Amino acid sequence: MASGSGVFSADRLDPGTAVLLRKAPFPDPGTAGPLLDLGCGYGPITCVLATATPTATVYAVDVNSRARDLTRANAATVGAADRVVVAAPEDVPPEVRFAQIWSNPPIRIGKAELHELLALWLPRLAPGGTAWLVIARYLGGDSLAAWLTGEGWSVERHASQKGYRVLRVAHPASRRR
Ligand SMILES: C[S@@+](CC[C@H](N)C(=O)[O-])C[C@H]1O[C@@H](n2cnc3c(N)ncnc32)[C@H](O)[C@@H]1O
């Protein structure tokens with residue numbers, strides 16, 4: 001995989017991302033998506049999702065243009081360049097709704113900004129859709145889950161490993177689907 005300086009965890013797969021990819025169930029291989037990797041970095045989640053779902057469109061969104069360039073290159077390496085839409089947040093058409101959102105979100109931007117980010121993107125889950133988030137417990141994984149619940153989301157601590165929480169987030173009506 002191509003990686004580079006100035007991009008999150010460019011020299012190794014982030015341990016939180018590794019826990020997410022190990023613990024969250026991949027989407028059905030037949031899904032058309034679209035799927036969203038929110039804060040794609042150099043694209044490890046995007047590439048795994050695109051490989052697991054051979055016909056799905058995967059949106060890879062990041063504010064960092066170097067990260068977007070690397071994700072584009074890595075999507076091409078895994079043969080998914082035609083299905084991976086790499087975009088700055090403001091360039092994703094507002095009407096797109098996602099079957100799944102996957103994210104190792106940017107915790108270090110600050111709590112208020114993180115809440116703002118999730119409040120912007122989670123409502124773009126399609127009905128019945130699921131978001132999979134990974135957050136280190138020491139960086140507030142449990143309080144983020146509580147905040148999301150308070151905002152009306154259905155939140156389940158799906159897995160916990162190596163100090164990371166994997167959260168399953170869904171619209172309340174789709175809790176038991
Ligand atoms: C924790 S890193 C995860 C990167 C990558 N998904 C991985 O697993 O290696 C979070 C990413 O979110 C990006 N980011 C920060 N603020 C953002 C925003 N407002 N919208 C989208 N992406 C953002 C950062 O540039 C960074 O690449």
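Student: How many bridges join strand 1 to strand 2, and which way do the two run?

Tutor: Keep in mind that this is a predicted model. Strand 1 covers residues 35-38, and strand 2 covers residues 58-61. One of the pairings puts D37 with A60 as its bridge partner. The two strands run parallel, and the number of bridges joining them is four.

Student: What is the hand of the β-α-β crossover from strand 1 to strand 2?

Tutor: Follow the chain out of strand 1 and you pass through helix 2, residues 44-52, before you get to strand 2. That crossover is right-handed.

Student: Which residue in strand 4 stands opposite L35?

Tutor: Strand 4 takes in residues 98-103, and strand 1 pairs with strand 4 in the parallel sense over three bridges. Look across from L35 and you land on Q100.

Student: Are the side-pointing residues L35, L36, D37 and L38 of strand 1 buried or exposed?

Tutor: L35 and D37 point one way, while L36 and L38 point the other way. The cut-off for buried is under 20% relative accessible area. On both sides of strand 1, then, these residues are all buried.

Student: Which residues are the closest to the centre of the largest pocket?

Tutor: That pocket has a volume of about 730 Å³. Its lining has 39 residues, and helix 1, strand 1, helix 2, helix 4 and strand 5 each supply at least two of them. The closest to the centre are F8, G39, N104, P105 and P106.

Student: How many residues in that lining are nonpolar?

Tutor: Sort the lining of the largest pocket by class: eight residues are polar and five are charged. The nonpolar count is 26.

Methods: Residues numbered from 1 in each chain as written. Predicted model: local features only at pLDDT ≥ 70, side-chain atom pairs only at ≥ 80, totals over all residues. Heavy atoms only, no water. Buried < 20%, exposed > 50% of the residue type's maximum accessible area, 1.4 Å probe, protein only. Pairing = 2+ DSSP bridges. Right-handed = clockwise from strand over helix to strand, strands pointing away. 1 Å grid on protein atoms, 1.4 Å probe; cavity = no way out; pocket = protein on both sides within 12 Å on 5 of 7 lines; lining within 4 Å. Points joined across faces, edges and corners; volume = space filled by probe spheres on them. Nonpolar A, V, L, I, M, F, W, Y, C, P; charged D, E, K, R; others polar.
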